[in-house]
Amino acid sequence: MKIKVCGLKYTDNIKAIEALKPDYMGFICYNKSPRFIGGMDDDELVNIPTDIIKVGVFVDEDADTISKMIYKYKFDAIQLHGSESPQFCDMYRHEVQVIKAFGVDKNFDFSRLDAYKNNVDHFLFDTKTPAHGGSGQVFDWSILDKYKLDVPFFLSGGLGLDNLNEVKEITHPAFYGVDLNSKFETEPAMKGINKLTKAFDIIRSGY
Ligand SMILES: O=C(O)c1ccccc1N[C@@H]1O[C@H](COP(=O)(O)O)[C@@H](O)[C@H]1O
């Protein structure tokens, strides 16, 4: 099970999380988020160990800005949380991994994903909210049984110490990774290392 820790921006916090050896680290490039990296120095990201996949998270950003951010921060992957089309996703696949996020509620129509299946590396299923992400809210995971494609997916939306043991009971064959974000924070973008250490122990035991 892969682990992505998302919504980072503080140097010492990033260093402490590096020591936990997550598979992915996410950086929010959406200026309406309290986790927005803003003018973060590119050195801070460039020095992250190369075995950790650095993900830039965008919401309906224009193509030119995404390309510039990939170049500036040397992102290895982008995570798209808006209404980006399959063709838009496909434009970046020659240079980075593409994770297409979808907000899920009880009415989510998984047939929407068919159009994306050849244009992305991963899906990410998050809870549907007007904020596009980082809500700390959980959706009803039983709906994942309706997902029949083999594109591997991340689960996100309110994952925390209170529900990670239940997450481990999900046996979907395409379940690829978990995304840890706001439930581990002491303030926006500042992750609590003790909580994260416990989460890594839970996730990594038994897989
Ligand atoms: O974290 C944010 O502020 C954010 C803003 C806009 C788009 C995505 C964002 N983060 C992603 O949201 C999900 C769920 O986070 P949470 O566990 O509910 O806090 C996660 O995939 C983050 O990568």
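Guide: Welcome! Two strands count as paired if DSSP finds at least two bridges between them. Please keep in mind that this is a predicted model.

Visitor: How do you know that S3 and S4 pair?

Guide: Four bridges join strand S3 (residues 53–58) to S4, and the definition asks for at least two, so the two strands pair. They run parallel. One of the partnerships links valine 57 with glutamine 79 of S4.

Visitor: And what makes S4 and S5 a pair?

Guide: The reasoning is alike: four bridges connect S4 to strand S5 (residues 97–104) in the parallel sense, and at least two are needed, so this is a pair. Here leucine 80 has lysine 100 of S5 as its bridge partner.

Visitor: What do S3, helix H3 and S4 make together?

Guide: With helix H3 spanning residues 63–73, they make a right-handed β-α-β unit.

Visitor: How do you know that both faces of S4 are covered?

Guide: Ala77 and Gln79 are buried on one side, and Ile78 and Leu80 are buried on the other.

Visitor: Just after S4 comes histidine 81. Why is histidine 81 called buried?

Guide: Its relative accessible area is 12%, and buried means under 20%, so the label fits. Histidine 81 lies in the loop between strand S4 (77–80) and helix H4 (86–90). Beyond its sequence neighbours within four places, its contacts include Val57, Phe58, Lys100, Asp126 and His132.

Visitor: What makes the histidine 81 and glutamine 79 pair a polar contact?

Guide: The two side chains come to 2.7 Å, and the limit for a pair of N or O atoms is within 3.5 Å, so the contact qualifies.

Visitor: Let's turn to glycine 192. Why is glycine 192 called buried?

Guide: Glycine 192 has a relative accessible area of 15%; set against the cut-off of under 20%, it is therefore buried. It sits in the loop between strand S10 (190–191) and helix H6 (193–204). Leaving aside neighbours within four places in sequence, glycine 192 contacts Phe184 and Thr186.

Visitor: How do you know that the length of H6 agrees with what is expected?

Guide: At 1.5 Å a residue, its twelve residues should span 16 Å, and the end C-alpha atoms are 16 Å apart, which agrees.

Visitor: Which residues of H6 are buried, and why do we say that they line one face?

Guide: They are Leu196, Ala199, Phe200, Ile202 and Ile203. Seen down the helix axis, these buried residues fall within an arc of 165°, so they line one face of H6. In general, an α-helix has 3.6 residues a turn, so residues three or four places apart point the same way. The face of H6 turned away from the buried side carries exposed Asn194 and Lys198.

Visitor: What covers the buried residues of H6?

Guide: The cover includes strand S1 (2–5), helix H1 (11–18), helix H5 (164–167), strand S8 (175–180) and S10.

Technical notes: Residues numbered from 1 in each chain as written. Predicted model: local features only at pLDDT ≥ 70, side-chain atom pairs only at ≥ 80, totals over all residues. Heavy atoms only, no water. Buried < 20%, exposed > 50% of the residue type's maximum accessible area, 1.4 Å probe, protein only. Contact = heavy atoms within 4.5 Å. Polar contact = N/O pair within 3.5 Å; in protein donor to acceptor, adjacent residues only side chain to side chain. Expected span 1.5 Å × (residues − 1). Arc of directions from axis to C-beta. Right-handed = clockwise from strand over helix to strand, strands pointing away.
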